[in-house]
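Here are a few warm-up exercises to help you find your way around a new structure. Try each task yourself before you read its solution.

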Amino acid sequence: MSFIPRGRFPTTRLRRLRSAPWRRALVREIVLQPADLIQPMFVVEGTQTAAPIAAMPGVSRLTIDLAVSAAQEARDAGIPAIALFPAVETLLKDATGSEALNPDSLVCRAVRAIKGAVPDIGVITDVALDPYTSHGHDGIVDGGDVANDATVAVLARQAVLLAAAGSDVVAPSDMMDGRIGAVRRALDAAGHADTMVLSYAVKYASAFYGPFRDAVGSRGRLGAGGGPADKRTYQMDIANRDEALREASFDVEEGADLLMVKPAGTSLDIISDLKRAYALPIVGYQVSGEYAAIAAAAALGAFDRVTAMRESLTVIKRAGASAVISYAATEVARTLTADVVAVRQ
Ligand code: PBG
């Protein structure tokens, strides 16, 4: 968009481009496609059970068998990848998150089951300790804060286990310094050169993660076990824009394949900045609280749910994201697939 023609009314009338669906279709700059969307899923122990998440109408914690079905449905709707998050049993949580290093953990079994049944869908797993720690932090607490280097060493081992279970993409969401390089080196050393690293490069300390923390059972834990009461010593300050470029530059140097920005809807400026600065695909994460806000307003009759979801995802793509993670991904993808047969509205 470097040259803006000096049109003048009435010779130029911009409404000429909008006066019919076919005209709008012809000049549309961004078309949201199922292939742009990633479906996150919460998995839980058990069989044939979907446990609803209070603040997220339409989203449940799924037992592995139901997660396999949900992955099939996502694939059938044209979704290329899913992202798995385990809701780990309380008994298995401890101060160091040791269950994260169990090769037969819930998430590892879920990855194996999904890749076994739906091999053509990409599986993304989170690299972080918060589902596994008794204090709910993403790493190991020492001296009142999360210890960076000790945590990175564990995360690198966790990433190798997830790749060995069949994860196509590992996504460090912990915000420790230096973890992308450590994860990349560990993957390569273990023979997982083809496993992608999706860096949560720009992850803000955000109120919008609330429903997620309820879903994985980490919210009420923060502040316990000598750890800080929030994640602001490692997640970024929402007031900072330049720092996002620095964060991303480290991850690019360290070998990230994809850069994530979250929460996406409140960071469109950051997605745009990163898109201009780096020739890497950017993934926007419409996080749990963003989904919850739209779902709640729609339930109150404020607007049509799917229309609002589609709009919110389209603008994340317009800002520069190549893909968007959304709890509404499959739901929205189905409406987009139906659209393909008609001129887009
Ligand atoms: C944890 C993690 C979080 C999310 C993804 N990975 C929460 C947090 O940092 O506390 C949030 C996702 C969402 O809210 O949908 N490592």
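**Exercise 1. Find the loop that holds Q48, then work out whether Q48 is buried or exposed and what its phi looks like.**

Start with the address: Q48 sits in the loop between β1 (37–44) and β2 (50–52). Keep in mind that this is a predicted model. Next, look at the surface. The relative accessible area of Q48 is 59%, and the cut-off for exposed is over 50%, so Q48 counts as exposed. Last, check the backbone: phi of Q48 is positive, about 50 degrees, even though Q48 isn't a glycine. Why bother to note that? Because most residues other than glycine have a negative phi.

**Exercise 2. Do the same for M175: where is it, what is its phi, and is it buried or exposed?**

M175 belongs to the loop between β8 (169–172) and α5. Its phi is near 70 degrees, again a positive value in a residue other than glycine. Now the surface: M175 has a relative accessible area of 4%. Buried means under 20%, so M175 is buried.

**Exercise 3. Locate the peptide bonds that lead into P10 and P263, and say whether each is cis or trans.**

Take P10 to begin with. You'll find P10 in the segment before α1 (21–27), and the bond joining F9 to P10 is cis, with omega about 10 degrees. Then move along to P263, in the loop between β10 (258–262) and α8 (268–277). The bond from K262 to P263 is cis too, with omega near -10 degrees. For context, most peptide bonds are trans.

**Exercise 4. Describe the surroundings of the ligand: how many residues surround it, and which are the closest?**

Step one is the count: the ligand has 18 residues around it, and the closest are S173, R213, K231, S288 and Y327. Step two is to pick out polar side-chain atoms. S173 places one 2.7 Å from a nitrogen atom of the ligand. K203 has one 2.7 Å from an oxygen atom of the ligand, and S288 also has one 2.7 Å from a ligand oxygen. Step three is the cover: on its own the ligand would expose 400 Å², and the protein buries 100% of that. The space the ligand takes up is the largest cavity. Finally, which elements give two or more residues to the shell around the ligand? They are β9 (196–203) and α6 (210–216).

**Exercise 5. Place S312 in its helix and list what it touches.**

S312 lies in helix α10, which covers residues 305–319. At 15% relative accessibility, S312 counts as buried. Its side chain reaches the backbone oxygen of M309 at 2.7 Å. Setting aside neighbours within four places in sequence, S312 is in contact with Q286 and I294.

**Exercise 6. Work out where T195 and V88 sit, and which residues they contact.**

T195 is in the loop between α5 (179–189) and β9, and is buried at 8% relative accessible area. Beyond neighbours within four places in sequence, its contacts include A163, R184 and D257.

V88 is in the loop between β4 (81–86) and α3 (106–117), and is buried too, at 9%. Leaving out neighbours within four places in sequence, V88 is in contact with K93, E99, P131 and Y132.

How values were computed:
Residues numbered from 1 in each chain as written. Predicted model: local features only at pLDDT ≥ 70, side-chain atom pairs only at ≥ 80, totals over all residues. Heavy atoms only, no water. Helix = DSSP H or I, 4+ residues; strand = E, 2+ residues; numbered from the N terminus. Buried < 20%, exposed > 50% of the residue type's maximum accessible area, 1.4 Å probe, protein only. Polar contact = N/O pair within 3.5 Å; in protein donor to acceptor, adjacent residues only side chain to side chain. Contact = heavy atoms within 4.5 Å. Near = heavy atom within 4 Å. Areas by Shrake-Rupley, 256 points an atom, 1.4 Å probe, with all protein chains shown as cover. 1 Å grid on protein atoms, 1.4 Å probe; cavity = no way out; pocket = protein on both sides within 12 Å on 5 of 7 lines; lining within 4 Å. Sits in = over half its atoms within 2 Å of the grid points.
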